[in-house]
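Let's take a friendly walk through the nonpolar cores and aromatic rings of this protein. Have the structure open as you read.

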Amino acid sequence: HAAAERREALLARERVAEEAVLETLSAALREELPRLRQYREAVTAFDLAFARARLAREAGLVRPVLGEGPLRVEGGRFVPCEELCGKLGVDYVPLDAAFDAGATVIFGSNMGGKTVVLKTLAFLQLCAQTGLFVPARRFETRVFRAFHYIGEGRSREEAQGLSGFGFEIRQLAEAWPDLERGALLLFDEFARTTSSREAEALISAILERLVAAEGSLALFSTHFRGVRRIPGVSYRRMRGLRREGLDFAEAAGAELAARIRLIDRRMDYRLAEDEGESRVSDAVAVAVLLGLEPAVAARADHFFKDN
């Protein structure tokens, strides 16, 4: 019994000693706490800087050049598309372009690469404005106060019940107040679900308004050739299908994947100045390569040229 009492007394003294030690350590830690926070912030900053440097080296990224002038892209890459091209074994064509007008229209047929141009620019700008280096040889840009991507690239969950056209108009209405703040607006096949005449009228009216919005930059991808030529707007086109030596019979009987790869190999995904109405339809040619009956395609080509 006496031994048990002595044991309890010793344990009580031990607890008192432990509490005293803990209090001493806690006081020292409380005094050191501001410096510990600084150490944590320094380690975090170093870790982020190291991760960014490693990413820049592994992915071939460069520091963006920020200023107030036009946007210039040399060797710009939309990394998800580049990686997909690598998996499919097709060449990826980086973007080389300068956008020095307040608004630019990019014409081209479906599968011609218009959307990839917009997504490349969006990808580069998002990297630059989040403090990251960019996948390009050189990227000159500026900081935009607002950024809107108008088209099917956005989720439609918040706009259930709207048609595709209605959803795009709602996106436009949300972006409109930012025109005077210095916004980047990318219109991906805007109004493609309505009639061509209505779409061309809408795009023309929007372009006319955008030219007057100083500090903002807008790009439209469209296959509607009737868009008005507005002073101050730049008009470009995708170079399109390379027809020299193109053997349409090569696609006959081939699997869909092989047909798509043939289109990829024959499509020139570079930008060029647009000189006006084309007399050649890439859409009809692509339709043939994807399996449209040649007789139907020939009549479509006839109607296209006749119109």
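Over the ring of which residue does the charged end of arginine 225 sit? We will come to that ring shortly; please keep in mind that this is a predicted model.

## A charge over a ring

The ring belongs to phenylalanine 107: the charged end of arginine 225 sits over it, 4.2 Å from the ring centre. A second arginine is placed over an aromatic face too, with arginine 229 lying 4.5 Å from the ring centre of tyrosine 235.

## The rings beneath the arginines

Phenylalanine 107 and tyrosine 235 are both buried. The structure holds five aromatic pairs. Phenylalanine 46 and phenylalanine 50 make up a stacked pair, because their ring centres are 6.3 Å apart and their planes meet at 15°. These two residues sit four positions apart in helix α1 (residues 2-59), so about one helical turn separates them. Phenylalanine 46 is exposed, with a relative accessible area of 60%, while phenylalanine 50 counts as partly exposed at 47%.

Back beneath the arginines, phenylalanine 107 and tyrosine 235 also form a stacked aromatic pair, with 6.3 Å from centre to centre and 10° between the planes. This pair links distant parts of the chain: phenylalanine 107 belongs to strand β4 and tyrosine 235 to strand β9, 128 residues apart. Elsewhere, Phe187, Phe190 and Phe220 form one aromatic cluster.

## The largest nonpolar core

In soluble globular proteins, nonpolar side chains tend to be buried together. Here, the largest nonpolar core has 26 residues, and the members that touch the most others are Leu185, Phe187, Phe190, Leu207, Leu210, Phe220 and Tyr235. Two or more residues of this core come from each of β4 (103-107), β6 (146-150), α4 (164-175), β7 (183-188), α5 (196-211), β8 (217-222) and β9 (233-241). The element that gives the most is α5, with five residues.

Leucine 210 is a good place to zoom in. Leaving aside residues up to four places away in sequence, leucine 210 touches Ala103, Leu179, Leu185, Phe187, Ala218 and Phe220.

## A second core

Apart from the largest core lies another one, made of 24 residues. Its members include Leu71, Ile106, Phe139 and Leu217.

Notes. Residues are numbered from 1 along each chain as its sequence is written. This is a predicted model: local features need pLDDT of at least 70, side-chain atom pairs count only at pLDDT 80 or more; totals for chains, interfaces and linings use all residues. Side-chain values use heavy atoms; hydrogens and water are left out. A nonpolar core is a set of buried Ala, Val, Leu, Ile, Met, Phe, Trp, Tyr and Cys residues joined through side-chain atoms within 4.5 Å. Buried means under 20% relative accessible area, exposed over 50%, partly exposed in between (1.4 Å probe, protein chains only). Contact means heavy atoms within 4.5 Å. Rings of Phe, Tyr and Trp (its six-membered ring) pair if their centres lie within 6.5 Å; planes under 30 degrees apart count as stacked, over 60 as edge-to-face and the rest as tilted. A charge sits over a ring if NZ of Lys or CZ of Arg is within 6 Å of the ring centre and within 35 degrees of the ring normal.
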